[in-house]
Each structure stands twice: as structure tokens, then as C-alpha cells.
Amino acid sequence: MEAGPLVNIMLPLVNSFKKVEDRMKDKYRHIFEPLVVGNHVIKNRIIMGSMHTGLEEGGQEDFSRMGTYFAERASTGIGLIITGGISPNEEGALDGAIFNKENQVPRHKIVTDAVHNANEDTKICMQILHSGPLATSEELVAASPVRSRIGRLVPNEMSLKVLRKQIDDFIRCAELCKKANYDGVEIIGSAGYFISTFFVNKTNLRTDEYGGSFSNKIRIATEIVKGIRESVGEDFLIIFRIPAMDMLEGGMSWDEICTLGRALENAGVSIVSTHFSWHESPVPTIATMVPRAAFTSVTKRLKKVVNVPVITSNRINMPDVAESVLANGDADLVSMARPFLADGKIFEKIKKGREDEINTCIACNQACLDHAFDKKEISCLVNPRACNETNLNYLPTTTKKTIAVIGAGPAGLAFSEIAALRGHNVELFEASDQIGGQFNLAKQIPGKEEFHETIRYFSTMIKKNGVKVYLNKKVQPIDFIGKKYDDVIVSTGVYPRSLDIPGSDEKIVISYIDAIKNIDKIGKKVVLIGAGGIGFDMAELLSHGKKNPSTNIDDFAEQWGIDFTNHPRGGVTGITSKASKSEREIYLLQRKVTPLGIALGKTTGWTHRLSLRKKEIKMLKGVTYKKIVKNGIYVSINDQEQFLECDNIIVCAGQEPARSFYNSANNVEFRMHLVGGAFEARELDAKVAIKQASELAAVI
Ligand code: NAP
Ligand code: SF4
């Protein structure tokens with residue numbers, strides 16, 4: 001029956017009277033639907049996925065910090081949290097985080113108590129991570145002594161006795177987890193870690209009952225699950241991360257993945273979690289250049305094969321994406337790991353209809369995974385409070401000040417948002433017509449579209465917190481004489497370094513800022529001087545074709561050589577990447593003799609390098625710049641002179657601090673603080689700028 005005119009008028013009216021939380025329950029109907037798993041009720045469908053924090057290997061104090069970190073997130077009402085990975089034994093340890101002794105139970109109870117006290121409905125499972133060939137211990141073991149492409153050591157060969165010890169250690173670890181009041185465990189059986197080395201020919205050369213046929217290859221997984229289930233009983237959650245597309249040439253076939261899923265179900269898992277790619281596979285799966293929710297179609301196929309609930313993940317960072325994945329029937333649960341670092345209150349904001357206030361994960365990996373791989377404590381580029389909940393707090397000020405902030409780039413914005421939140425009067429002056437600073441350039445780079453979200457976040461928060469913003473206002477210290485400011489924050493950023501090469505004033509030489517702003521006017525042959533983050537970004541922008549691999553899943557599959565539909569072995573076997581060669585001829589140059597892009601992020605640098613190689617960008621190192629002329633540049637490489645003819649030379653040679661305000665402020669009455677690039681341009685990035693500004697705003 002069609003709705004009558006009265007209904008059409010009344011319905012929006014009725015909706016507007018509904019409490020906001022009820023409206024959100026309608027809008028995100030699938031997210032807020034509880035899920036019954038055995039005797040457990042998971043209150044909603046977004047879970048906080050596993051993310052190594054660097055605190056797992058610590059003692060009492062680190063576990064207290066971890067407890068506070070998780071409790072903050074639990075208090076927002078999320079249904080399920082999975083901890084960072086912890087090994088069941090010495091052999092599998094990655095960073096020294098092991099849970100194999102009774103006397104370690106109390107420190108884990110700090111975490112489980114913190115979570116359950118914050119919200120009795122939130123479940124917490126510990127991830128059991130046996131790293132196999134990626135372990136750092138000399139005692140490392142794997143299915144066979146085959147070194148991982150990214151591993152440091154060749155794993156030791158395992159006798160049957162040693163293999164069975166590994167199984168027992170998993171079971172023992174799960175028993176200890178139960179004693180520590182975890183609601184369950186997640187076993188990682190993917191990514192190239194211990195269990196997954198049994199599943200594929202490449203790493204399983206065994207001739208006993210754990211190698212050979214596929215049923216033998218998955219025996220270890222089912223024995224671990226069966227053993228845990230028998231030991232911990234029916235009420236304990238067992239989640240198993242399955243390699244749903246391992247991205248290995250000759251990797252697992254789709255039939256094998258289905259067989260594994262069914263076997264795990266029969267063995268007693270409560271939930272199957274789909275994981276994509278081994279760490280050693282040359283396909284990006286979580287970097288910012290991966291389209292949002294790119295892999296959920298694979299989960300959807302597996303969901304049809306097993307009867308237990310299925311989790312999906314990867315590049316799902318906002319509630320509308322999660323809702324559409326669930327509504328589309330792709331998965332029963334959506335795992336978001338990094339988004340809970342970027343914003344500990346993300347779930348509360350979803351519940352309360354404050355999506356504009358979500359500090360979105362931009363998938364940069366710069367403060368989370370890059371730190372984890374560098375053995376540093378992790379945090380988040382856009383939220384330096386992540387994992388610092390006990391030592392970085394934005395408490396109301398007891399001494400209200402009036403503060404001027406000069407420059408609305410990342411540092412100025414972070415400072416303004418937090419200082420105003422704490423109760424200070426903050427006035428923000430920006431010389432250009434928009435806030436965002438260098439983020440406005442970054443967001444134009446293909447694969448960095450997420451920076452739009454960061455600007456949206458800051459724009460919402462400075463307004464909400466009452467920051468007065470003055471755009472198109474280039475201020476000088478003289479403008480502040482006789483004004484009421486207690487403190488002035490100089491976040492004036494950086495300016496591009498100019499070249500000291502003869503001929504640098506030729507018309508073909510332009511800065512990267514002008515190049516980004518006038519990209520359509522750049523010619524067909526281009527030389528980029530400087531191969532840091534910005535040189536790489538410029539090369540990506542200039543070589544971008546008609547396809548959009550960072551936002552379109554089909555284009556992404558084509559660029560990286562993945563077949564999501566037919567799913568050949570590993571999802572990649574026999575598929576050649578159809579990345580197209582750049583239409584522009586581009587030279588990316590540096591003076592250093594080290595490989596280009598070596599200083600880019602540990603977990604993402606290889607994707608940038610590979611992307612440019614696929615587009616046939618000419619990357620040259622050890623270059624000496626001789627002279628620029630009106631149609632090119634003379635260089636020498638290995639004492640060989642060359643002339644690179646080109647239409648444009650784009651300078652990406654780093655930055656200098658922009659300090660003209662600071663340097664001209666003599667005898668002023670206010671206190672000045674330099675932050676971000678204006679403080680130090682060397683090794684500056686948004687992570688450093690936001691962290692420094694946030695820490696200052698927390699104490700001023
Ligand atoms: P950068 O990383 O310092 O790179 C500057 C480049 O210019 C280097 O390749 C350097 O190599 C060259 N150079 C320096 N002085 C030069 C001179 N006088 N003449 C010619 N070449 C010179 O700076 P950036 O690329 O501007 O990046 C700025 C910051 O933003 C960096 O911290 C970067 O990490 C960050 N960022 C990061 C990303 C990312 O993807 N993570 C992206 C963009 C920006 P040689 O000295 O060997 O020639
Ligand atoms: Fe996301 Fe980057 Fe923060 Fe990691 S550091 S959580 S990738 S925004």
C-alpha cells in the first residue's frame with residue numbers, strides 16, 4: 001500500500017522527535033543489531049580488531065596502560081575487543097610478548113577487569129599470535145625450514161614431538177586466557193605466521209601427517225581448535241583468522257579455503273575472521289591507496305560456506321562503510337582496528353549521530369604499524385593520545401588564557417582544537433582562504449584522499465570548541481601589540497627549499513606547490529629534483545592515468561593483479577598487473593646513493609616504490625646536478641654526464657621553517673611557542689607536528 005500524503009508529512013516529523021540514539025539505530029540498523037554466538041551476545045556488529053600496541057611485552061605498568069586504553073573504548077559500548085597478538089611460547093614470540101605462565105595471569109586480569117568494569121557487556125578476546133618464520137627468537141619454528149621473504153632467519157625444522165609441543169602451547173595459552181577472564185581467544189592462522197605456513201606448498205615440505213594432502217596440511221589448525229575447545233568448554237569464544245586470500249603465487253585455492261573454513265567449524269570455532277594477504281605478498285591491503293572495503297566480497301563468499309558468523313576487515317574506517325558492508329550481507333561483523341586508535345570515541349560518536357566529529361583513520365600507518373615494525377610503542381598520527389591515555393590528557397584548564405595561533409596547518413589546528421576544548425579562548429589566524437595547510441596539497445595526491453576527512457574533522461572540532469577563525473589574515477607581531485594575548489602559538493609551517501643549481505631561475509623550474517596547483521599545465525617530460533615523500537607524491541600525481549585504483553575496486557584489482565571474482569590460487573596466480581605506463585616521461589632524482597624511497601614508511605614505502613616502478617618512472621640515485629637550461633638539466637651519474645631534456649623541473653627538495661613572524665617579534669608582551677614545521681622542518685611530518693602541538697595544548 002502506498003503511503004498517503006499525511007504519512008509523508010508526519011513521518012519526518014515523527015523522526016525528528018525521536019531521540020538521536022534511536023534515529024541512529026534506524027540509520028545504522030545493521031551495526032546496532034546484536035549477534036548471538038553460543039551463550040554470548042555481542043551487542044553490536046563493529047568490533048575493535050587486533051592491533052599491536054607495543055605494551056604487550058611489558059610488565060604491570062604497561063598492562064595498566066593497556067587496560068586504560070581498552071577501557072576507554074569499551075566504555076563507548078562496543079561489543080567485542082581483540083587484543084594485540086601475544087605468543088603462546090618462546091618459539092613464536094615476535095617482540096617478547098608471551099603468555100605461557102600462571103604467574104602472568106594477574107597482569108592480564110588488569111586488562112580484562114578494566115574492560116569488564118568499564119562495560120560489562122563488552123567481550124574481550126586475546127589474540128594468540130605464534131609468528132612462526134617471522135618470530136625474532138633463534139628458536140623459531142615453522143612447518144618447514146623455509147625462510148619468509150621478509151624473515152630474518154630460517155625457521156628450525158620441527159620433529160613431530162616439537163610440533164605437538166606447539167599445539168599444546170596454544171591450548172595451554174588459551175587455558176591461561178580463560179583464567180585471566182578473557183571471554184575468548186583469536187587464533188591467527190594467516191598472514192604467513194606459524195599456522196598458515198602449513199597451508200601452502202611453498203612453506204610446507206613435510207612428508208608426515210602434517211604435510212602432503214590438503215587435509216594433512218590443515219590438521220594442525222583443527223587439532224589446535226579441537227584441543228582448545230575440549231579444554232576450555234563451550235562458553236569460551238574461539239575466533240580463527242583464516243587466510244581468505246593469501247595473495248601468494250600458487251597460494252591457497254578457493255576450494256581449499258572453503259575446506260579449511262568448514263573443518264574449523266567442525267572443530268569448534270565460534271567465529272571465522274577473514275584475513276587478506278601474507279605480510280610478504282607484494283600487494284597493498286591496508287595502505288591508504290587501497291579502496292575502502294576492497295576485500296569484503298571475499299568474506300561474503302566464505303559467509304555462504306560456513307554456518308558460524310564471519311568477520312570482515314581492511315580499510316573500513318567510517319560507519320557508513322561498515323553499515324553498507326553489513327547491509328550488503330558481506331559479513332556478520334566488521335572489524336575496525338586502526339580506526340579505534342584514531343578515535344577512541346568513534347563508537348560513541350556513531351551512537352550519538354556525531355559522525356562529523358569522527359577523527360578518521362587515514363590508513364597512513366605512520367604511528368601505528370610503522371612503529372610496531374620498528375619496535376616502538378604505537379600511537380596514531382591523527383590522535384597522539386592513542387595508547388597514551390594515562391599520560392596525555394586534555395583536562396579543563398584552571399587558568400583560562402587568551403591564545404593566538406598563527407597558521408591553520410596540522411600543528412595549528414591540533415593545538416587550537418585541544419586548547420579550546422580545555423577552556424582557553426583561542427583565535428586562529430590563517431593567511432590563506434582555507435584551513436588545512438599542507439593537508440590541502442596531500443589530499444590531491446591519488447591514494448591520499450583520506451586527508452579530506454582530517455580536514456573535515458578539524459573543521460568540525462574547532463567550530464564546536466569555539467575557536468575563532470580568521471581566514472585571509474596574514475598577521476605580523478605588530479598587529480598584536482596592545483592586544484590581550486597571553487600566548488602566541490607560531491605554527492607558520494614551512495616553505496619549499498629553493499635550489500642552488502646554476503640556472504635555477506629558468507622558467508621551467510617550479511615548486512611542488514605550484515605544480516600541484518597547476519597540474520594541467522605541466523608538460524609531458526618532467527624532472528623531479530628530490531625523492532623524499534613529496535617527490536614520490538608528485539611522481540604519483542603526474543603519472544596518474546584515467547583509472548582510480550585508490551577509490552575503485554576494479555581499477556585497484558587491475559593495477560595490482562588480483563582476481564577477486566574467479567579467485568585463482570592466492571587470488572593472484574596467473575594474473576598480470578595491468579598497471580599502465582605513465583603518459584608523462586618522469587625522472588625522479590636524488591643525490592644520495594641509497595635506494596630511492598628508502599626513508600618512506602616501513603609498511604607503506606614499498607607500495608609507493610612498486611607503484612612508480614609499475615608506471616615506469618625513471619628513478620635515479622647518486623645524481624650530481626650541473627646546470628639547468630631552458631629545456632632541461634645537465635646531470636652527472638657515476639661520472640657520466642647526461643642531459644635530461646624536459647618541459648618542467650619540479651623542485652621537491654625539502655622544506656625550511658617559515659619563521660618570519662617569529663623572527664620579527666622583538667620585545668613583545670606575549671609568550672611565543674614555535675610548533676610544527678616552524679619549529680623544525682627536518683624530518684618533519686604531520687605525525688611530529690600534531691604530536692608536538694597536542695602535547696603543548698595539553699599543558700598550556
Ligand atoms: P624530504 O623527505 O626531506 O626529501 C627532500 C629530498 O630533496 C631528498 O630526496 C633530498 O635528497 C633532496 N634535497 C635536499 N636538499 C636538496 C637540495 N638543496 N638540492 C637538491 N635536492 C635536495 O622532504 P619532502 O619530500 O619535502 O618531505 C617533507 C616531509 O613530509 C618529510 O618528512 C616526509 O617524510 C613527509 N612526507 C611523507 C610522505 C609519506 O608518504 N609518508 C609523503 C609526503 C611527505 P638528496 O639530498 O639525496 O638529493
Ligand atoms: Fe590510522 Fe595512520 Fe593513525 Fe595508524 S597512524 S591509526 S593508519 S591514522
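Here are a few questions and answers on the ligand shell and salt bridges of this predicted model.

Reader: How much of ligand 1 does the protein bury?
Author: Start with the polar contacts: an oxygen atom of ligand 1 sits 2.8 Å from a polar backbone atom of A531. A backbone N or O atom of I534 is 2.9 Å from an oxygen atom of ligand 1. Taken alone, ligand 1 exposes 900 Å², and the share of that buried by the protein is 78%.

Reader: Which helix gives the largest share of the shell around ligand 1?
Author: The shell has 22 residues, with A531, R591, K592, Q655 and L684 the closest. By type, they split into eight nonpolar, seven polar and seven charged. The largest share is three residues, and they come from helix α18 (residues 533-542).

Reader: Is D487 buried or exposed?
Author: D487 pairs up with R671 in a salt bridge, with the closest N and O atoms 3.2 Å apart. D487 is in strand β14 and R671 in strand β25, so the bridge ties together parts 184 residues apart in sequence. R671 is partly exposed at 46% relative accessibility. For D487 the relative accessible area is just 1%, and the cut-off for buried is under 20%, so D487 counts as buried.

Reader: In the salt bridge of E280 and K202, which residue is partly exposed?
Author: The closest N and O atoms of this pair are 2.8 Å apart, and the two residues lie 78 residues apart in the chain. E280 has a relative accessible area of 6%, so it's buried. At 41% relative accessibility, the partly exposed one is K202.

How values were computed
Residues are numbered from 1 along each chain as its sequence is written. Chains are lettered from A and ligands numbered from 1 in the order in which they are written. This is a predicted model: local features need pLDDT of at least 70, side-chain atom pairs count only at pLDDT 80 or more; totals for chains, interfaces and linings use all residues. Side-chain values use heavy atoms; hydrogens and water are left out. A residue is near a molecule or strand if one of its heavy atoms lies within 4 Å of it. A polar contact is a pair of N or O atoms within 3.5 Å; within protein, one must be able to donate a hydrogen and the other to accept it, and residues adjacent in sequence count only if both atoms are side-chain atoms. Accessible areas come from the Shrake-Rupley method with a 1.4 Å probe; for residues, only the protein chains shown count as cover. Helices (H or I, at least four residues) and strands (E, at least two) are DSSP runs, numbered from the N terminus. Ala, Val, Leu, Ile, Met, Phe, Trp, Tyr, Cys and Pro count as nonpolar, Asp, Glu, Lys and Arg as charged, and the others, Gly among them, as polar. A salt bridge is a side-chain nitrogen of Lys or Arg within 4 Å of a carboxyl oxygen of Asp or Glu. Buried means under 20% relative accessible area, exposed over 50%, partly exposed in between (1.4 Å probe, protein chains only).
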